[in-house]
Amino acid sequence: MAAPGNQPIWFRVFPPEAEQDTPFHGAASGPIRMPARDSPPIPYFYLLFSLDLIKEFVKQTNRYASDLYDRTRLQTGRFSRKCQWRKEGKLTISEFKALIGVLFNMGLNRKSSIKEYWNRKKHVSIYSMV
C-alpha cells in the first residue's frame with residue numbers, strides 16, 4: 001500500500017512530537033542504593049537481578065521444564081536431556097547465577113561464533129570448564 005506521492009506508509013516521516021515541560025515532583029533523581037566504588041562485582045549484579053527475581057526465573061524455568069517433560073514424555077528417549085534433567089534434579093539458584101555470569105562474560109569477550117566460546121583447540125576455554 002502506497003501513500004500519496006508513491007511512498008510506502010512505513011516510510012512516511014512524521015513531524016517530531018512537541019516537547020512537554022512537565023516538572024518533576026518527587027525525591028531526588030538518580031541511582032539509589034548504589035554500592036561503594038571499591039565494591040566487588042556481585043553488588044552490581046544484584047542491582048540488575050534481585051534475589052526475588054532470580055528465584056522467580058528459577059521457579060518458572062523449572063515449571064516450564066516439568067510441563068515440557070510431561071507433554072512430551074511418550075516421545076522422549078530414556079537417555080535424552082529431558083530424562084537426565086528429571087533424574088538429576090531441577091535448576092538451582094547457583095546454576096542460574098553461573099549461567100548469567102557466563103552470558104555476561106560472553107558479551108565482554110567477543111568471538112566470531114558461539115562454537116568459539118567452547119573451543120579448546122586454540123586456547124583453554126573458561127566456558128567449557130563451567
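The lining of the second largest pocket is made up, by class, of 6 nonpolar, 1 polar and 1 charged residues. You can find these residues in the predicted model by looking for P41, I42, Y44, F45, L48, K97, G101 and F104. Two helices each supply at least two of them: helix 1, which covers residues 41-48, and helix 4, which covers 93-108. Helix 1 gives the largest share, with 5 residues. As for the space itself, the second largest pocket has a volume of about 150 Å³.

Now let's move to the largest pocket, whose volume is about 480 Å³. Helix 2 and helix 3 (81-88) are the elements that give two or more residues to its lining. Which of the elements gives the most to this lining? That is helix 3, with 4 residues. The lining consists of T61, N62, A65, R81, Q84, W85, E88, G89, K90, L91 and E95. Sorted by class, the lining of the largest pocket has 3 nonpolar, 4 polar and 4 charged residues.

One of these lining residues, N62, is a good place to pause. N62 sits in helix 2, which runs through residues 51-71. Is N62 buried or exposed? Its relative accessible area is 10%, and because buried means under 20%, N62 counts as buried. Leaving aside residues up to four places away in sequence, N62 touches W85, K90 and L91. Look at L91 in particular: N62 and L91 are 29 residues apart along the chain, yet their C-alpha atoms are separated by 6.3 Å. W85, K90 and L91 are also among the residues that line the largest pocket.

Follow helix 2 along and you will meet S66, which has its place in that helix too. The relative accessible area of S66 is 19%, so S66 is buried as well, given that the cut-off is under 20%. Which residues does S66 touch, not counting those up to four places away in sequence? They are W85 and R86. W85 therefore appears in the contacts of N62 and in those of S66, and both N62 and S66 are buried.

Finally, how confident is the predictor in what you are looking at? The protein chain averages a pLDDT of 78, and 75% of the residues score at least 70. Among the elements of the chain, helix 2 has the highest mean pLDDT, 91, while strand 1 (residues 2-3) has the lowest, 51. Helix 2, the home of N62 and S66, is thus the element with the highest mean value.

Definitions and conventions: Residues numbered from 1 in each chain as written. Predicted model: local features only at pLDDT ≥ 70, side-chain atom pairs only at ≥ 80, totals over all residues. Heavy atoms only, no water. Buried < 20%, exposed > 50% of the residue type's maximum accessible area, 1.4 Å probe, protein only. Contact = heavy atoms within 4.5 Å. pLDDT = per-residue confidence, 0-100. 1 Å grid on protein atoms, 1.4 Å probe; cavity = no way out; pocket = protein on both sides within 12 Å on 5 of 7 lines; lining within 4 Å. Points joined across faces, edges and corners; volume = space filled by probe spheres on them. Nonpolar A, V, L, I, M, F, W, Y, C, P; charged D, E, K, R; others polar.
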